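Please look over the model below before reading on; the report that follows takes its parts in turn.

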Amino acid sequence: MKENILDLSKEELSQIIKPSFRAKQVFQWIYHKYVHSFEEMNNLPKDLRTSLEEKYTFTPLQIVKIENSSDGSRKYLFSLHDGYTVESVLLPMKKEEFDEEGNLLHHTKYTICISSQVGCKIGCSFCLTAKEGFKRNLSTGEILAQVLEIKKDNNIAQNRRVNIVYMGMGEPLDNIQNVSKAVSIFADLDGLAISPRRQTISTSGLSSQIKKLGLMDLGVLLAISLHAVDDKLREELMPINKAYNIESIINAVKEFPIDARKRVMFEYLMMKNVNDDIASAKKLVKLLDGIKSKVNLIYFNPHFGSTYQRPEEKDVKAFQQYLIDHGVLCTIRQSKGLDISAACGQLKEKTKKELENDHA
Ligand code: SAH
Ligand code: SF4
């Protein structure tokens, strides 16, 4: 089978394509001009184009479905070469702004949320992705292509940098090799030029892998899906907590190298009457003592068959206020795209149901 060109770093490519400046040109065609064939790379000699065509394929993803939300976010369902599907979301975080004379102050700022695996092994009880079990890791190229295809589909110019969050389907640190390679290729200045400081890896807390990632010293940002402040509840929500408890996660975070201007993000998924009380907020403040952190509160998004419920706004606000009053930075995640089956795994589930209905 042909190899996918997106699986290769520029350094690897320059070992294969001589002279090595050709690798740089190929990279620019793919990541700046968004081409999907070697034929279009017209500054490359014809025989090189032909030999590359024989060895490599291009995008490993096809768009199956796009859902638009009223807040401007767009959710993508992509199919892979073996028929599996994964989701990614384009999130406009800050609209473009003009000054009084109509000059553009800044373009719309985008964040793209991407998947790292088909399914997930971790098995969190609140998560839809967990229900399908684990199918396979995404390749580096499949990780990169999500951003590339979304930039292309939305005509986002190559020099407009986007932020990346590895918060789609799958556990990125369970696919650390392909994910860390993607982090570096994303950062290549002849490619998408997305600095690791604009990339956030979200993990359910595989402490040993957090340490491993820290040792790689990529400069990537870290988000911990904490969701509970005591081990008993966390084990119920996230069985992985039996292997890596809260203390081990906190210790791994304390050792993680992080840019002096940045913070480790702690995600806290709020579920009604499960973890949305002030006593939990109090414990959270204690846990985060001594860590340069920020907390992001997330409303649980109910899905078909889920036993948990969305928390009340007043409880989320009170939880946030408690943290702020005790010196912890805390934001509430705006439920981007709540009307488009927000959380990971939900677009996929919906499409499956629609397809079943179509065939009924
Ligand atoms: N596996 C990694 C990254 C992907 S999960 C991790 O768990 O961190 C991305 C985020 O989606 C996690 O923070 C998870 O808690 C959240 N999530 C999962 N199910 C959700 C739901 N039903 N409503 C809202 N957020 C959900
Ligand atoms: Fe996997 Fe993250 Fe879902 Fe847990 S929340 S099952 S780690 S994708």
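Taken over C-alpha atoms, the centres of domain 1 and domain 2 are separated by 32 Å in this predicted model. The domain assignment of the protein chain places domain 1 at residues 3-56 and domain 2 at residues 60-358, and across the boundary 15 residues of domain 1 are in contact with 20 residues of domain 2.

The largest nonpolar core has 101 residues, and those with the most contacts inside this core are Phe126, Tyr166, Phe186, Phe266 and Val295. Because domain 1 (3-56) and domain 2 (60-358) both give residues to this core, it lies between them. A second core, separate from the largest one, is made up of 7 residues, among them Val89, Leu91, Cys113 and Met167. In soluble globular proteins, nonpolar side chains tend to be buried together.

Phe126 deserves its own paragraph. When neighbours within four places in sequence are left aside, Phe126 is in contact with His227, Leu237, Met238, Leu269, Met271, Phe300, His303 and Tyr308. Phe126 also belongs to the surroundings of ligand 2, which further include Cys120, Ile122, Gly123, Cys124, Cys127, Ala130, Gly170, Glu171 and Ser204. Sorted by class, this shell around ligand 2 holds 6 nonpolar, 3 polar and 1 charged residues.

Ligand 1 is surrounded by 21 residues, of which Gly170, Ser202, Ser225, His227 and Asn301 are the closest. The table lists polar atom pairs between ligand 1 and the protein.

| Residue | Atom of the residue | Atom of ligand 1 | Distance |
|---|---|---|---|
| Gly170 | polar backbone atom | nitrogen | 2.9 Å |
| His227 | polar side-chain atom | oxygen | 2.8 Å |
| Asn301 | polar backbone atom | nitrogen | 2.9 Å |

On its own, ligand 1 has 540 Å² of accessible area, and the protein covers 94% of that area. Gly170 is thus named for both ligands, being listed around ligand 2 and among the closest residues to ligand 1.

How values were computed
Residues are numbered from 1 along each chain as its sequence is written. Chains are lettered from A and ligands numbered from 1 in the order in which they are written. This is a predicted model: local features need pLDDT of at least 70, side-chain atom pairs count only at pLDDT 80 or more; totals for chains, interfaces and linings use all residues. Side-chain values use heavy atoms; hydrogens and water are left out. A nonpolar core is a set of buried Ala, Val, Leu, Ile, Met, Phe, Trp, Tyr and Cys residues joined through side-chain atoms within 4.5 Å. Buried means under 20% relative accessible area, exposed over 50%, partly exposed in between (1.4 Å probe, protein chains only). Domain bounds come from an automatic or database domain assignment. Contact means heavy atoms within 4.5 Å. A residue is near a molecule or strand if one of its heavy atoms lies within 4 Å of it. Ala, Val, Leu, Ile, Met, Phe, Trp, Tyr, Cys and Pro count as nonpolar, Asp, Glu, Lys and Arg as charged, and the others, Gly among them, as polar. A polar contact is a pair of N or O atoms within 3.5 Å; within protein, one must be able to donate a hydrogen and the other to accept it, and residues adjacent in sequence count only if both atoms are side-chain atoms. Accessible areas come from the Shrake-Rupley method with a 1.4 Å probe; for residues, only the protein chains shown count as cover.
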